[in-house]
Amino acid sequence: MTDKTPCSINVSRKDNTLEAAFVGDWVLDAEIPALEAVLSQLDDGTGIKRLVFATQALGRWDSLLMTELIRLIDYGAAQGVQVDTTSLPEGIQGLLRLVYAVPERVGARRKETRDSWLEALGKAGLHLFKDAQDFVVFIGEMALSFTALMRGKAHFRRMDLWLNIQDCGPSALPIVTLISLLVGLILAFVGAVQLALFGAQVYIANLVGLGMTREMGALMAAIIMAGRTGAAYAAQLGTMQVNNEIDALKTMGFEAMEFLVLPRILALVLIMPLLCLYADLMGIVGGAIVTVSFFDVSLLQYLDRTATAIHLMDFMIGIVKCAVFGVLIALSGCMRGMQCGRSASAVGDATTSAVVTSIVFIVIADSLITLMCNRLGI
Amino acid sequence: MTTPCLTIDNMTLAYGDFIIQRDLNFTINRGDIFVVMGVSGCGKSTLLMNLIGLMRPAKGDVFYGGESLWQAEPDARKRILQRTGVLFQGGALLSSMTLGENVALPLTEHTRLSPQRIRELVAYKLALVGLAGFEGYYPAELSGGMQKRAGLARAMALDPEILFFDEPSAGLDPVSAKLLDDLIRSLRDHLGATIVLVTHELASILAIGTNSAFLDAETKTMIASGDPKRLLAESRDPKVIRFLTREDSANRHKPIQSNPILTHHQEPCDL
């Protein structure tokens, strides 16, 4: 690289004409002189009527010179000074012509506005209302496509259903195994601390068995599936939305609701109860491992206590809960996916909001169902 | 005006064992508008990926000036590539950023300019491509042609010496495509940049190309090169003729002026 000559601007005045001479290399990383001195000479009171440029001593130049020139020209024009660019090199003139070829469209520029907190609150409220409305609409459309399914008129590929079942069933087993086994372990340890005080270690089996079947099995399976499958649904449908694939399906005469959403919801609702059952068993195994190895209870004793403590009804409660969670996860995943905007970042937003929505729904539904069971005495 | 700017040296492109193009040798001179043309699937875009450092050629090398791109250390390669700008087919603007932020991104990351100066530079680049005042818009709010022009503004952010265009006029209407062609040509004229176009858009090729390489999908190598207008008039290769005349070789020797889109380009560009 050759050394740079420092850049500067020389101003000279002849009658009512101001000549700005550019000297040196005007390239991006150069120390640039302050333009304010030149600008102030163009002000009203100075009597300057014309601005010309001289570039005999100009070395290399790039966008830096262009931005400074544009500042001078714009400022001069605003002050009513006649700006003469004809003495500039041809390349610069050509670029200037390009810059001023398309005048700024009126109203194109946007002012950055910041809402007051009251406005922000109002907008958030309206947004929430709109969200709730969309949700109701989505459920309505879902119900319609379910009736179509019942009447045997829903159009979707059976293969998609099987693929979705495989994806949210067998493929999810390893993670469900790990998490529920560990939750069983944790439940056993937490219970053991208190029960060991009374020498009642054998009741750890009751605690783990009831805890897993009525509550934790379903909840853990649901949270895993919200992160795994709910997010995947939102991302898949969102990407399809970005690529116009959903529009393409519509023009081919498929209802997106039936073709894309129905098999996904069906798959999750069918699989979730089975996953829940599996998670229950894994949790009980986890509890057994802790109890048998640390708390002086034999495996047979543990299994016997478990068998007497839990009834079919406990399993059923967990399974019903999990089916409800399955509907909620699939609904929020698919809804967010279908509502997705048309850009890459919108897909990210849709995925995040699908997971958040489904976890909120899961917890609320869980509390309601538990409350109901408590009132009904089951 | 014949300093070599980019030299493709004995290059072979392949995906694994599947060879796309072999033994490519050509030179792109400073100030050229160089067109890489050929039928769909002949390896034009793969060649582009090899030129801009996204994919390593199976054999051979690319020289920027005298510097080898693929034998250079990763840091040196990054420095070489900073002298280039690429306009991707769909514009490839980052959708989570506004136009202003998109154009400012290379400036904020690769230079130490003040925010005020970067704002001015961004305004200037956007004005150059006819998008003055659109800083606050997100790419999704713009039409395809505007996205493409904004992509061009971003490609030019660091005043590159070489600008690569991947299918610049794909998906544009004839009028916008012509405006983009004019813009490319005047940028070349005024910025003194070298332009490499990868395209199969006949109108653009004949209108603005000053030199070219014709890649053939069957023999898997370059079968013709030179000024596209001269190729159209003089080439003897049936494939080249078929491509440049859209299989309408009877009309080959009619003057180009008969094509209304092309007539305009015969005159010096007047803005």
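Trainee: Which residues in α6(B) do Glu90(A), Gly91(A), Gly94(A), Leu95(A) and Leu98(A) in α3(A) meet?

Mentor: Good place to start, and keep in mind that this is a predicted model. Contact here means heavy atoms within 4.5 Å. On that basis, the α6(B) residues met by α3(A) are Leu183(B), Ser186(B), Leu187(B), His190(B) and Leu191(B).

Trainee: How many nonpolar, polar and charged residues does the contact of α3(A) with α6(B) have?

Mentor: Gly counts as polar in this scheme, and Gly91(A) and Gly94(A) are among the residues in the contact. With that in mind, the classes come to five nonpolar, four polar and one charged.

Trainee: What is the angle between helix α3 of chain A and helix α6 of chain B?

Mentor: Happy to help with that one. α3(A) passes α6(B) in a left-handed crossing. The axes of the two helices are 8 Å apart, and they pack at an angle of about 145°.

Trainee: Which are the edge strands of the six-strand sheet in chain B?

Mentor: The sheet is open and mixed in its pairing, with the order β6-β7-β8-β3-β9-β10. An edge strand here pairs on one side only, which picks out β6 (84-87) and β10 (221-225) of chain B.

Trainee: Which residue in β9(B) stands opposite Val36(B)?

Mentor: Strand β3 of chain B covers residues 33-37, and it pairs with β9 (residues 211-216) of chain B in the parallel sense over four bridges. Opposite Val36(B) you will find Ala213(B).

Trainee: Which strands does helix α9 of chain B lie across?

Mentor: Helix α9 covers residues 238-245 of chain B and runs at about 115° to β9(B). The strands of chain B that α9 lies across are β3, β9 and β10.

Key. Residues are numbered from 1 along each chain as its sequence is written. Chains are lettered from A and ligands numbered from 1 in the order in which they are written. This is a predicted model: local features need pLDDT of at least 70, side-chain atom pairs count only at pLDDT 80 or more; totals for chains, interfaces and linings use all residues. Side-chain values use heavy atoms; hydrogens and water are left out. Axes are lines fitted to C-alpha atoms, for helices over the stretch in contact, and angles run from 0 to 180 degrees between N-to-C directions. A crossing is left-handed if the near helix is turned anticlockwise from the far one by less than a right angle, and right-handed if clockwise. Two strands pair if DSSP finds at least two bridges between them.
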